[in-house]
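Got the model open and a selection tool ready? Here is a short walk through it, one stop at a time.

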Amino acid sequence: MSPALSHIKITQEDDIQALIDGCLAGSRISQEKLYKRFYPMMMSMVKRYTNYHEYHLAEEILNNGFLKVFQKIDSYQYKGSFEGWVRRIIYHSIFDYVRKNTKYRDKMVFAEEERDVVVTKTPIDKLNYDELMQYIQNLPDNTRTVFNMYILEGFTHREISEKLGISEGTSKWHLHEGRKTLKEKINTLNK
């Protein structure tokens, strides 16, 4: 976390609604408290998509995402969790960066089996970002939802099962099926 924020103390009593209201009013302290509260989990998500050796890049992406959070906070409609809303904006910031910096694609990281795996020169290199996302979009609806939540958004199987009302085993099955389908499609590029 940035040393400049170390003086801001966050307590459990800091209600999210009070922080949102403060941000809407332009309170710098509320913005800093909100940033500090969500920094660890959002930075963890950003790091899943960037090279761990490029911390400054992850922080730049994260800060751009939080800037959008503060600029768009008046559009939060209290549907779903505020954390999910912030996560979605940070997620879009990651892929905004990817789209603008095509050389960055080689450094993209996908979470797999509770560890990070860097994508290296494989048949997937024949795909560009849009083609890969199209393959993901072509997965069956439930499989695509679980795949995106687990791989792209960093939810655990427990969180997915709670949010979708399915068992953890079903969540794992959909993830397995999504990976298997994508692997088969990507491997056909070798032919």
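Start at the second largest pocket: 18 residues line it, and those nearest its centre are Arg88, Asn148, Met149, Glu153 and Phe155. Keep in mind as you click around that this is a predicted model. Select those five residues to find the middle of the pocket. The space in here comes to about 350 Å³.

Now look at who builds the walls. Colour α4 (82-100), α5 (129-137) and α6, since each of these supplies at least two residues of the lining. α4 gives the most, with 6 residues. What kinds of residues line this pocket? By class, the lining has 6 nonpolar, 7 polar and 5 charged residues.

Stay with α6 for the next stop. Select helix α6 (residues 141-152) together with helix α7 (residues 157-164): they pack at an angle of about 135 degrees, and their axes are 10 Å apart. The two helices are therefore oblique to each other. Turn the view and you can follow α6 as it passes α7 in a right-handed crossing. To see where they touch, show the side chains of Thr145, Val146, Met149 and Tyr150 in α6, which meet His157, Ile160, Lys163 and Leu164 in α7. This contact of α6 with α7 has 5 nonpolar, 2 polar and 1 charged residues. You have seen Met149 before: it is one of the residues nearest the centre of the second largest pocket.

Next, keep α7 selected and add helix α8 (residues 168-187). α7 and α8 pack at an angle of about 110 degrees, with 8 Å between their axes. That makes α7 and α8 roughly perpendicular to each other. On the α7 side, pick His157, Arg158, Ile160 and Ser161; on the α8 side, pick Glu168, Ser171, Lys172 and Leu175, and you have the contact. Its residues divide into 2 nonpolar, 3 polar and 3 charged. His157 and Ile160 also belong to the set in α7 that meets α6.

For the last stop, jump back along the chain to helix α2 (residues 28-47) and helix α3 (residues 55-72), which pack at about 130 degrees with their axes 10 Å apart. How do α2 and α3 lie to each other, roughly parallel or oblique? They are oblique, and α2 passes α3 in a right-handed crossing. Show the α2 side first: Gln31, Leu34, Tyr35, Phe38, Tyr39, Met42, Met43, Val46 and Lys47. Facing them in α3 are Tyr55, Ala58, Glu59, Ile61, Leu62, Asn63, Phe66, Val69 and Phe70. Colour this contact by class and you get 14 nonpolar, 2 polar and 2 charged residues.

How values were computed. Residues are numbered from 1 along each chain as its sequence is written. This is a predicted model: local features need pLDDT of at least 70, side-chain atom pairs count only at pLDDT 80 or more; totals for chains, interfaces and linings use all residues. Side-chain values use heavy atoms; hydrogens and water are left out. Axes are lines fitted to C-alpha atoms, for helices over the stretch in contact, and angles run from 0 to 180 degrees between N-to-C directions. Helices (H or I, at least four residues) and strands (E, at least two) are DSSP runs, numbered from the N terminus. Angles under 35 degrees count as roughly parallel, over 145 as roughly antiparallel, 65 to 115 as roughly perpendicular and the rest as oblique. A crossing is left-handed if the near helix is turned anticlockwise from the far one by less than a right angle, and right-handed if clockwise. Contact means heavy atoms within 4.5 Å. Ala, Val, Leu, Ile, Met, Phe, Trp, Tyr, Cys and Pro count as nonpolar, Asp, Glu, Lys and Arg as charged, and the others, Gly among them, as polar. On a 1 Å grid over the protein atoms alone, a cavity is a set of points where a 1.4 Å probe fits but cannot get out, and a pocket is an open set with protein on both sides within 12 Å along at least five of seven lines; lining residues have an atom within 4 Å of a point. Grid points are joined across faces, edges and corners, and a volume is the space filled by probe spheres set on the points.
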